[in-house]
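Reader: Could you walk me through how the labels in this model are earned? I would like to see each value set beside its definition.

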Amino acid sequence: MPAIVRLRYQVVVVGGGHAGTEAAAAAARAGVKTVLITPDLTRVGQMSCNPAIGGMAKGVVAREVDALGGVMGRATDASRIQFRMLNRSKGPAVWGPRAQCDRALYPVAVRRILDELPDLDLFQEMVTDLVADDGRVVGVRTRGGLVFEGDAVVVTAGTFLRGRIHIGGEAGLGGGRAGEAPSIELAEGLEALGLEVARFKTGTPPRVDGRSVDYALLERQDGEEGEYRFSLYEREAIPEQRPCWITWSGAGLEQVVRENLHRSALYGGSISGRGTRYCPSIEDKIVRFPNAPRHQVFLEPEGLQTTELYVNGLSTSLPADVQLAFLRTLPGLAGVRMTKVGYAIEYDYFPPHQLRHTLELKDVPGLYFAGQVNGTTGYEEAAGQGIVAGINAALKVRGEDPFILERDQAYIGVLIDDLVTRGVDEPYRLFTSRAEFRLLLRQDNALRRLGPLARDRGLLTQGQEVAMERRLADEDRVRVWFSETLMKPHEVAGVLEEAGSDPVREPTWAVELLRRPRVAARRLYEIRGGPMGEATDDVLAAVEVELKYEGYVFRERQRAERLREHANYKLDNDLPYLNFITVSAEAREKLQRIRPETLAQAGRIAGVSPADLQNLLLEVRRLRASPRVQGLSAPPE
C-alpha cells in the first residue's frame, strides 16, 4: 500500500472562487503559511455569472474588501470595461459603484495578485474529505490521495456541493459550473459531521453573439468618465471602455415562455431548491408579474477580445430551442445567434445559524465556511465572507483574538450578522435597506473605517500600509483646508450662482459654503488649490460627504454607540434557554437553536420580542447570581 503523502500548512482553503481567493490571500497577508486547493487553477477568480462587480450595497462591500487588503478591488480596476455610480440622484449613503468587467481579464488579475504573496501556495486538486481529530478539523484529503494538514480549514465550495445543472425539464446533470464536475464526496463528508444541510438554486442567462445584434434598435448606455477606482491601495491600468445596451421583452417573449412553461426545469418539477426572489428567472417574471407589459433586458459585453454579450435579465432553465425563440422576440435580436445556453443550478448549502460571527462552525472547531455554502449569492457577498473567514483562521493560528465587524462598522458586518443571527430562507443578497447605519457605511469612507483595523491586526502588506497612511493624510489635509480657509465673496460668486445659492457679502469659511446644497468641493478647491495642488476626485468626494453631512453622521454615530451598550452584554454559549420560562416558547426555541453571543444579537433574531429580551436579561442575571452556577461570569454592563 503506497505511503500517504502529507503536506503541512497552517491554513488550508478549499475552493478558488471569490470567497476562496479572498480567504487564502487574507491568511497569507497575515503571515500564515496557506494553501488554496481548487480543481482548476485556470479558473481561479472566475466570474461564473455576470462579469460585473458592485452595485447598491455590493459596491460598498467591494470597497470594504479592498480596505481590508483584499483582491477584488484591484482585479476589478484591472479588468473593468465600464463604470457607473448607481443612485447618484439619491443621498451618498446609498451610492453604489458598479463596474462591468472583462470576463477573461478578471481571473488573470486575481491570479497575478495571488502570486505576489510569498506565504500562499496554490494546488490543483479536488478535495474529497476532511481530516478530523477528536472532533476538530485538522486538514483535508484530495481525490489523488494527498493529505493537506492545517490548523484551520476554510471551505468555500460555492455551487459545487452536490451541484446539478438543469436545462429544460429533463433530469439535471451533475456539475458545479458549466463544464465542471460537482463535489459529491466533500458534501457527504460535511454532512457526516452532523451539520444541517439544505438546497438552494440559482441561474444564469444565455449569451449571444454581438455581431448578430441590430444595435440601431437598442438604447445605448455609456459608462461614466473619471478616475474612480475600487482599489485605494494600488493604481491598476484601466482598460479601454465599452458601452452596454438596453432592450425590452414584450408580448412575443411572454407567449413563448407561457407556451413552454411545462418544459422549464423550475416549473416542470425537476428543481426542489428555493431560488432568489429579487433576481427571478424569466419564467418567474412572467408567472409572478402577469400584468407587467415588458421587462428590461441589458446586453453587457463579456470582454474586449470577444463579441459575446451577456443577456442580463433573462435567467432561465428552459430548453435551448425555447431560449433561442424568446431571444429572437426582443427588439434588435430578431436574427441573433446564441453562443451559450442559460441554465439553473441546484446545490447544497449549510444554514448559517451553525456559524459563529468569525464564520467558524460552532460545533466543529477549526472549520470555517464562506460564500454560497452559507446560503448567500453574489461575488461581493462571497468575497466579504471569504476575507473575514481567512483573517479569523489566521488569527486563530496566531493565537490572537478574533476579528469581528459590527453592524455599524461595515456592510460585511451586516451581512455576517444577518446570516448568523437571522439565518436564510432564500439565497441571501445585500441591500442598503438591511443596514441601520447607512450614513456611516459609505463607499467613500471604507478605507477610513476599516484600513486602520486591518493595519493594527497585521493584515496589510507593507505597501498597503504606506498607501493607506498617505491616502488618509491627504484626506486630513483637505479637511483642514476647508475648515481653515476663508473665501472672499468675489472668489465664490460664480460657484454659488451655478449652485443656485445666495451670494455671500463677507469672507466665509469654505466648509460653510460646502455645506450648502449643490456646492461641490471640487469647485471650491480649484479656486485656491489647497496644500496639495490638485487633490484627487476620490479624496475630495470623501471629504465632501463627511463635511456636508457632519451633523447627521455625528447623530448616527451616537445612536450606534448607544446600541453597542447592549452588544457588550455577553451571553454564554451553554445557557439553558429552554428553561427560561419567562421567555416566550418561540423565542426560547430560536435562542436555543442560534445561541447568540450577545444580547444585541439576541434582539435581532426574528421572533424575539422586546419583552423576551428584557426577560432574557433577567433570567441570565438570576442564573449568574445563583450559587449553584459555576463558570458563568458577569460581563460589563
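What follows is a conversation about helix packing, a pocket and cavities.

Author: Happily. This is a predicted model, in which local features need pLDDT of at least 70, side-chain atom pairs count only at pLDDT 80 or more, and totals for chains, interfaces and linings use all residues. Residues are numbered from 1 along each chain as its sequence is written, and side-chain values use heavy atoms, with hydrogens and water left out.

Reader: Why is helix 1 called roughly parallel to helix 9?

Author: Helix 1 (residues 18–29) and helix 9 (residues 379–397) pack at an angle of about 30°, their axes 7 Å apart. Angles under 35 degrees count as roughly parallel, over 145 as roughly antiparallel, 65 to 115 as roughly perpendicular and the rest as oblique, so helix 1 is roughly parallel to helix 9. The axes are lines fitted to C-alpha atoms, for helices over the stretch in contact, and angles run from 0 to 180 degrees between N-to-C directions. The helices themselves are DSSP runs (H or I, at least four residues; strands are E, at least two), numbered from the N terminus.

Reader: What makes the contact of helix 1 with helix 9 up, and how does it divide by class?

Author: Contact means heavy atoms within 4.5 Å. Helix 1 contributes residues including Ala-19, Ala-23 and Ala-26, and helix 9 residues including Gly-386, Ile-387 and Gly-390. By class there are 10 nonpolar, 3 polar and 2 charged residues. Here Ala, Val, Leu, Ile, Met, Phe, Trp, Tyr, Cys and Pro count as nonpolar, Asp, Glu, Lys and Arg as charged, and the others, Gly among them, as polar.

Reader: What is the handedness of the crossing of helix 1 and helix 9?

Author: That crossing is right-handed. A crossing earns that name if the near helix is turned clockwise from the far one by less than a right angle, and left-handed if anticlockwise.

Reader: Why are helix 12 and helix 16 called oblique to each other?

Author: Their axes come within 9 Å and cross at roughly 55°. That angle fits none of the named ranges, and helix 12 and helix 16 are therefore oblique to each other. Helix 12 passes helix 16 in a right-handed crossing. Among the residues that meet are Arg-471 and Phe-482 in helix 12, with Val-539 and Leu-547 in helix 16. The contact divides into 7 nonpolar, no polar and 6 charged residues.

Reader: Which residues of helix 15 meet helix 16?

Author: Ala-521, Arg-522 and Tyr-525 in helix 15 meet Asp-537, Leu-540 and Glu-544 in helix 16. Under the class definition, this contact has 3 nonpolar, no polar and 3 charged residues. The axes of helix 15 and helix 16 come within 9 Å and cross at roughly 115°, and the crossing is right-handed.

Reader: How do you know what counts as a pocket or a cavity?

Author: On a 1 Å grid over the protein atoms alone, a cavity is a set of points where a 1.4 Å probe fits but cannot get out, while a pocket is an open set with protein on both sides within 12 Å along at least five of seven lines; lining residues have an atom within 4 Å of a point. The second largest pocket has a volume of about 1000 Å³. Of its 44 lining residues, the closest to its centre include Thr-536, Asp-537 and Asp-538. Helix 16 gives the largest share of the lining, 8 residues. The lining divides into 17 nonpolar, 5 polar and 22 charged residues.

Reader: How many cavities of 30 Å³ or more does the search find?

Author: The whole structure has 3. The largest cavity holds about 40 Å³ of space, and its lining includes Leu-355, Arg-356 and Gln-601. That lining divides into 4 nonpolar, 3 polar and 4 charged residues.

Conventions
Points joined across faces, edges and corners; volume = space filled by probe spheres on them.
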